[in-house]
Amino acid sequence: MSSPSVWHKNYPVAQGNRQSPIDIVPHQALHDPSLGPVVLNYDQCTSMNITNNGHSVVVQFDDSDDRSVIQGGPLDNPYRLKQFHFHWGEKGCHGSEHTVAGNSYASELHLVHWNAVKYKTFGEAATAPDGLAVLVSLLHKTGDDHRWLHVITDALYMVKFKVSTTVNCFNPKCLLPSSLHYWTYLGSLTTPPLHESVIWIVLREPIIVSEKQLGKFRMLLFTGEEEDQRIRMENNFRPPQPLKGRKVRSSI
Ligand SMILES: COc1ccc([C@H]2OC(=S)NC2=O)c(OC)c1
Ligand SMILES: [Zn+2]
C-alpha cells in the first residue's frame, strides 16, 4: 500500500470535497433533532470468513439478503452488512482514522454496509453518493481486555499472512459501545479508490480494549507466506482530511 500522501496521483478524488476520515470537533457539530436512533438488526448474521487482505483483517458476511441490516439515523433505506475490518497503529493511542477534537484512538472498527434497495451490487453502491454506510466504533486502549474482541484477536494467528479462514457466526453488535449516540457526515472510502460514497456514522462512546489485544493485530503481516520480506501490518490508517465546508451532525 503506497503512502496516503501520493494517492492523489493515481486517484485525484483524494483531494475531493468529501474525503474521509476527518477530525470531529464535538462542539462544532450541529445537533439535529430530526436524526433518529440507528437501528441494528444483526441477529441472523452469518459471518463467513476472516481474511488478511494485505491491507487489514476483514470479516465477511453473507449479504445475499437483508438478514443483517442497519437503518434509521441518517439513512433513508436499510443498508446490508457486508464486512467489518479494523485500522490500527504501531503503538500507543495512534491508529484510528477519525480523530475527536484532535485526539486519536488506538484503533478503529469499520462496519461496512451497502444500499441494496437502490443498487444491485456492493461494487455499484461503492461508487454512488448514497451507496455505503460505515458504522464506526473507536477502540480506546486502557488496560482491560474487551470481553468479545478476543473472539477476533484469538483468530488472528490463523491469518498472520495474506490468507483467509472460515469463522462461525460472529455478531459484531458485541463490538459496539453501550450508547449508540453518534456523529454523522458525508465522506469517502479511506483507501483507494477513495470513492465519495460513504454516509459515516461515528459512535461517540469508544470501546475499551487492552494492549495485549491490540498487539495481536500488530503481529499480522502485509506480506504473504511465500514472500521473503516480512512487513508487519501496522499504521494502516489514513490521517484526517479537510472538511471543505461539510457539516457534521450530532444525534444528541
Ligand atoms: C471493498 O473495497 C474497499 C476499498 C477501500 C476501503 C476502505 O474504505 C474504508 S471505509 N475502509 C477501508 O479500508 C473499503 O472499506 C470498506 C473497501
Ligand atoms: Zn476501513
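Me: Where does A101 sit in this predicted model?
Reply: Look in the loop between β8 (residues 99-100) and β9. A101 also has a positive phi of about 50°, although it is not a glycine.

Me: Why is A101 called partly exposed?
Reply: Partly exposed is the range between under 20% (buried) and over 50% (exposed). A101 has 47% relative accessibility, so it counts as partly exposed.

Me: What about K244, where is that one?
Reply: K244 is in the loop between α4 and β15 (249-250). Its phi is positive as well, near 50°, and K244 is a residue other than glycine. Its relative accessibility is 43%, so by the cut-offs of 20% and 50% it counts as partly exposed.

Me: How do you know how far to trust the model?
Reply: Check the confidence scores. The mean pLDDT of the protein chain is 95, and 100% of its residues reach 70 or more. The model also scores ipTM 0.96 and pTM 0.97. Low-pLDDT regions are the ones whose predicted coordinates should not be read in detail.

Me: Now for A133. Is it buried or exposed, and how do you know?
Reply: Buried means under 20% relative accessible area. A133 has 1%, so it is buried. You'll find A133 in strand β10 (residues 132-141).

Me: What does A133 touch, if we skip residues up to four places away in sequence?
Reply: Its contacts are L75, Y79, L111, V112, H113 and I199. Take I199: it is 66 residues from A133 along the chain, yet their C-alpha atoms are separated by 4.7 Å.

Me: Which residues of helix α4 are buried, and what makes them line one face?
Reply: In α4 (residues 211-218), the buried ones are Q213, L214, F217 and R218. Seen down the axis of the helix, they fall within an arc of 150°, so they line one face. An α-helix has 3.6 residues a turn, so residues three or four places apart point the same way.

Me: What covers those buried residues of α4?
Reply: The cover includes strands β5, β7, β9, β10 and β14, along with helix α3 (149-153).

Me: What makes a group of residues a nonpolar core, and how many residues has the largest?
Reply: The members are buried nonpolar residues joined through side-chain atoms within 4.5 Å. The largest core here has 40 residues, and V57, F84, F86, L135 and I152 have the most contacts inside it. Strand β7 gives the most to this core, with five residues. A second, separate core has 21 residues, including I22, V100, V134 and Y185.

Me: Why is the K82 and D63 pair called a salt bridge?
Reply: The rule asks for a side-chain nitrogen of Lys or Arg within 4 Å of a carboxyl oxygen of Asp or Glu. K82 and D63 are 3.8 Å apart, N to O, so they pass. K82 is in strand β7 and D63 in the loop between β5 and β6, 19 residues apart. D63 has a relative accessible area of 17%, which is under 20%, so it is buried.

Me: And what makes E211 and K141 a salt bridge?
Reply: Their closest N and O atoms are 3.6 Å apart, which is within 4 Å, so the pair counts. E211 lies in helix α4 and K141 in strand β10, so the pair ties together parts 70 residues apart in sequence. E211, at 35% relative accessibility, is partly exposed, and K141, at 28%, is partly exposed too.

Me: How many salt bridges does the rule count?
Reply: The count comes to 11. One of them joins E234 and R232, with the closest N and O atoms 3.6 Å apart. Salt bridges that share partners also join D62, D65 and R67 into one network.

Me: How many disulfides are there?
Reply: Zero. A disulfide needs a pair of cysteine sulfur atoms within 2.5 Å.

Me: Why is C174 called partly exposed?
Reply: Its relative accessible area is 22%, and buried would mean under 20%, so C174 lands in the partly exposed range. C93, at 41% relative accessibility, counts as partly exposed too.

Me: Which residues does a cis peptide bond join?
Reply: One cis bond joins S20 and P21, with omega about -5°. Another joins P192 and P193, with omega about 15°. P21 is in the loop between α1 and β1, while P193 is in the loop between β12 and β13.

Conventions. Residues numbered from 1 in each chain as written. Chains lettered and ligands numbered in written order. Predicted model: local features only at pLDDT ≥ 70, side-chain atom pairs only at ≥ 80, totals over all residues. Heavy atoms only, no water. pLDDT = per-residue confidence, 0-100. Buried < 20%, exposed > 50% of the residue type's maximum accessible area, 1.4 Å probe, protein only. Helix = DSSP H or I, 4+ residues; strand = E, 2+ residues; numbered from the N terminus. Contact = heavy atoms within 4.5 Å. Arc of directions from axis to C-beta.
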